[in-house]
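Here is a short tour of one protein fold, written for the bench. Have the sequence and the 3D view open as you read.

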Amino acid sequence: MQLNRISPDVVAQAMTYSEYKNLIDSLFAEGRTTGENQSASYLEYTRMAIQRMKRWDKTIRIDQQMTELVKKLPPQLWVIITEAWCGDAAQTIPYISKLAELNPTIQLRLILRDENPEIMNQYLTHGARSIPKLIALSPGLQQEYFVWGPKPSYLMEKQREFKTDPKGKTSKEFVEEVHLWYARDKNLTLGKELSHCFYQAFDL
């Protein structure tokens, strides 16, 4: 599969996980966030995202089976499309970063959705610009190994059910339930889904 949007120039300008967190921290200190929406609500989402990432960075544990699997992966580039205010990104990117650290041949880079619309438009979810999206590529960018996102399939289904029939539940209540699920799941579901993706990389 020839990829005509994620170019070497895009990768060269992309951020490491540390650079991404530093950018968010510096913008938030100035009362700003990433992306086009600079509303008070998005600043609050960013504040919560910073807290969640810091918490996960300290508490994430990778089990031995996943550790061994990731260490066996062939060299690849992981590109994540994200924004600072995204709640799902804050819940999942720290785990993905920890996985990448296990294998020195995996390069993790992050790009911002609103600054890369042409790339985002290649990875829509049911027509929506949902994030985060993890795209695994060969080192030469010629082959796409797998795509994951924007959230675990369980939450995708719960979101579909909520939009179809909210049953009197508000959007705020639904979002609170989502983040409670993330806290209780402790990345187990994400790990299982990524394991399935990793085996696709072996098969290519």
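## Before we start

A quick word on labels: a helix here is a DSSP run of H or I with at least four residues, a strand is an E run of at least two, and both are numbered from the N terminus. Keep in mind, too, that this is a predicted model.

## The sheet

Let's begin with the strands. Four of them make up an open sheet, ordered β2-β1-β3-β4, with mixed pairing. The edges belong to β2 (106-112) and β4 (144-148); each has a single partner strand, so one side of each has no neighbour in the sheet. From one strand to the next, the twist averages 15°.

The mix is easy to see around β1 (residues 76-82). With β3 (residues 133-137) it pairs in the antiparallel sense over five bridges, and Leu77 sits opposite Leu137 in β3. With β2, β1 pairs in the parallel sense over seven bridges, and here Ile80 faces Leu110 in β2. Is β2 enclosed or open, then? Five of its seven residues are buried, so β2 is largely enclosed by the rest of the structure.

## Helices on the sheet

Two helices are worth finding next. α2 (residues 17-29) lies across β1 and β2 and runs at about 25° to β2. Helix α5 lies across β1, β2, β3 and β4, at about 165° to β1.

## A closer look at α2

The 13 residues of α2 reach 18 Å from the first C-alpha to the last, close to the 18 Å expected at 1.5 Å a residue. Which of its residues are buried? They are Tyr17, Tyr20, Ile24 and Leu27. Down the helix axis these buried residues fall within an arc of 100°, so they line one face of α2. Their cover includes α3 (40-59), β1, α5 and β2.

Turn α2 around, and the face away from the buried side carries the exposed residues Asn22 and Ala29. Just after the helix, Gly31 takes a positive phi of about 75°.

## The cores

In soluble globular proteins, nonpolar side chains tend to be buried together. The largest nonpolar core in this model has 54 residues, and the members that touch the most others are Tyr20, Trp78, Leu194 and Phe198. Helix α5 (residues 87-101) is the top contributor to this core, giving seven residues.

Pick out Leu194 and look around: leaving aside residues up to four places away in sequence, it touches Tyr95, Ile96, Leu99, Leu134 and Trp148. There's also a second, separate core of six residues, among them Leu155, Phe162, Phe174 and Val178.

## A closer look at α8

Helix α8 (residues 171-185) has 15 residues and reaches 21 Å from first C-alpha to last, close to the 21 Å expected at 1.5 Å a residue. Phe174 and Val178, just met in the second core, are among the buried residues of α8, together with His179, Trp181, Tyr182 and Asp185. Seen down the axis of α8, its buried residues fall within an arc of 150°, so they line one face of the helix.

What's on the face turned away from the buried side of α8? That face carries the exposed residues Lys172 and Arg184. Right after α8, Lys186 takes a positive phi of about 55°.

Methods. Residues are numbered from 1 along each chain as its sequence is written. This is a predicted model: local features need pLDDT of at least 70, side-chain atom pairs count only at pLDDT 80 or more; totals for chains, interfaces and linings use all residues. Side-chain values use heavy atoms; hydrogens and water are left out. A nonpolar core is a set of buried Ala, Val, Leu, Ile, Met, Phe, Trp, Tyr and Cys residues joined through side-chain atoms within 4.5 Å. Buried means under 20% relative accessible area, exposed over 50%, partly exposed in between (1.4 Å probe, protein chains only). Contact means heavy atoms within 4.5 Å. Two strands pair if DSSP finds at least two bridges between them. Axes are lines fitted to C-alpha atoms, for helices over the stretch in contact, and angles run from 0 to 180 degrees between N-to-C directions. The expected span of a helix is 1.5 Å times one less than its number of residues. The arc is that of the directions from the helix axis to the C-beta atoms.
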